[in-house]
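Trainee: I've got this one open on my screen and would like a close look at a single part of it. Could you pick one helix, walk me through it, and then tie it to the rest?

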Amino acid sequence: SELAGVYHHGAQLVAVVTAPVAALLAFHGEGVLFTWSGNVELARAAGPILAALAVGNFLNGLVYVPYHLQVAHGWIGLTLRINVLAVALVVPMILWIVPRHGALGAAWVWIGLNAGYIVLNVGLMHRRLLAAEKWRWYGRDVLLPTLGAAIAMLLAHEFKPSDTANRGVWLAYLCVAYLAALGVSTLTIRDYRMRMIGLLLP
């Protein structure tokens, strides 16, 4: 039970920290690049690639805690076999997709690879380790904070500045949108929600 508690706490922390950033980049990749560079053409060209890479990196980060649970147990064979399978599948996909769809196609392969890790690696791991905790990991630890961040960012998207707004306006908007996503994502976790209530109502 203590191991399960540490496992879920770590997974929730990873999701709450990374989901708002991923949502910001996924919904506003162009805005982030414009705020950083001031180059509208660069933002429009690279924004979709940044958004896809952010989603892929987010999915990759979610597997961090389950992977370390496997390492702590001394069980590295599962990840090794899945990685061998991934190489066998991803390399041909990259060679086929990139000439046709460029960097954006490669970024989508990255998303698919990490989605596969979440389904296969985590799903198979929970058949041996913490078997009763699988759906709690998928639901409470991952899905809830991710949905919270995504919904908050989707609502904030309705108030995004126009394409002609200056970088200062975009920076202010992105900061507020990120903080809103972080707040909602945090509130989806019961322990964090109770701590926040305790701070507000001592």
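Mentor: Let's take helix H6, then work outwards from there.

Keep in mind that this is a predicted model. For orientation, the protein has seven helices and zero strands, so along the sequence you simply read α-α-α-α-α-α-α. The C-alpha trace spans about 60 × 55 × 20 Å along its principal axes.

Now to H6 itself. Helix H6 runs over residues 167-187, which is 21 residues. From its first C-alpha to its last it reaches 30 Å, close to the 30 Å expected at 1.5 Å a residue. Just ahead of it sits Asn166, which caps the N-terminal end of H6. In that cap, a side-chain oxygen of Asn166 lies 3.0 Å from the backbone nitrogen of Gly168.

Which residues of H6 are buried? Go down the helix and you'll pick up Trp170, Tyr173, Leu174, Ala177, Ala181, Ser185 and Thr186. When you look at how those positions are spaced, remember that an α-helix has 3.6 residues a turn, so residues three or four places apart point the same way. As for what they pack against, the buried residues of H6 meet helix H1 (2-37), helix H5 (134-157) and helix H7 (190-200).

Thr35 lets you see the H1 side of that packing up close. Thr35 is in helix H1, and it counts as buried because its relative accessibility is 14%, under the 20% cut-off. Leaving aside neighbours within four places in sequence, Thr35 is in contact with Arg167, Trp170, Leu171 and Leu174. Trp170 and Leu174 are also among the buried residues of H6. The side chain of Thr35, meanwhile, reaches the backbone oxygen of Gly31 at 2.7 Å.

For something to set beside H6, try helix H4, residues 77-125. Asn114 is in H4, and at 0% relative accessibility it counts as buried. What does the side chain of Asn114 join up with? Its partner is the side chain of Asn60, through a polar contact of 2.8 Å. Beyond four places in sequence, Asn114 is in contact with Gly56, Leu59 and Asn60.

Ala86 is another H4 residue, and it is buried too, with a relative accessible area of 11%. Not counting residues up to four places away, Ala86 touches Val91, Leu113 and Tyr117. Take a second look at Tyr117: it is 31 residues from Ala86 along the chain, yet their C-alpha atoms are separated by 9.0 Å.

Leu80, also in H4, gives you the opposite case: it counts as exposed because its relative accessibility is 55%, over the 50% cut-off. Leu80 and Gln70 are 10 residues apart in sequence and 11 Å apart in space, C-alpha to C-alpha.

Now step back to the whole protein. Of its 202 residues, 40% count as buried. Among contacts with a separation of 6 or more, 75% come from residues 24 or more positions apart. The contact between Ala86 and Tyr117 is one you can click on, at 31 residues apart. The protein exposes about 11,500 Å², with carbon and sulfur atoms supplying 71% of it. As for charge, there are 13 positive and 8 negative, and their mean positions are 9 Å apart.

Terms used. Residues are numbered from 1 along each chain as its sequence is written. This is a predicted model: local features need pLDDT of at least 70, side-chain atom pairs count only at pLDDT 80 or more; totals for chains, interfaces and linings use all residues. Side-chain values use heavy atoms; hydrogens and water are left out. Helices (H or I, at least four residues) and strands (E, at least two) are DSSP runs, numbered from the N terminus. Buried means under 20% relative accessible area, exposed over 50%, partly exposed in between (1.4 Å probe, protein chains only). Contact means heavy atoms within 4.5 Å. Accessible areas come from the Shrake-Rupley method with a 1.4 Å probe; for residues, only the protein chains shown count as cover. Lys and Arg count as positive and Asp and Glu as negative; His and the chain ends are not counted. The place of a charge is taken as NZ of Lys, CZ of Arg, CG of Asp or CD of Glu. A polar contact is a pair of N or O atoms within 3.5 Å; within protein, one must be able to donate a hydrogen and the other to accept it, and residues adjacent in sequence count only if both atoms are side-chain atoms. The expected span of a helix is 1.5 Å times one less than its number of residues.
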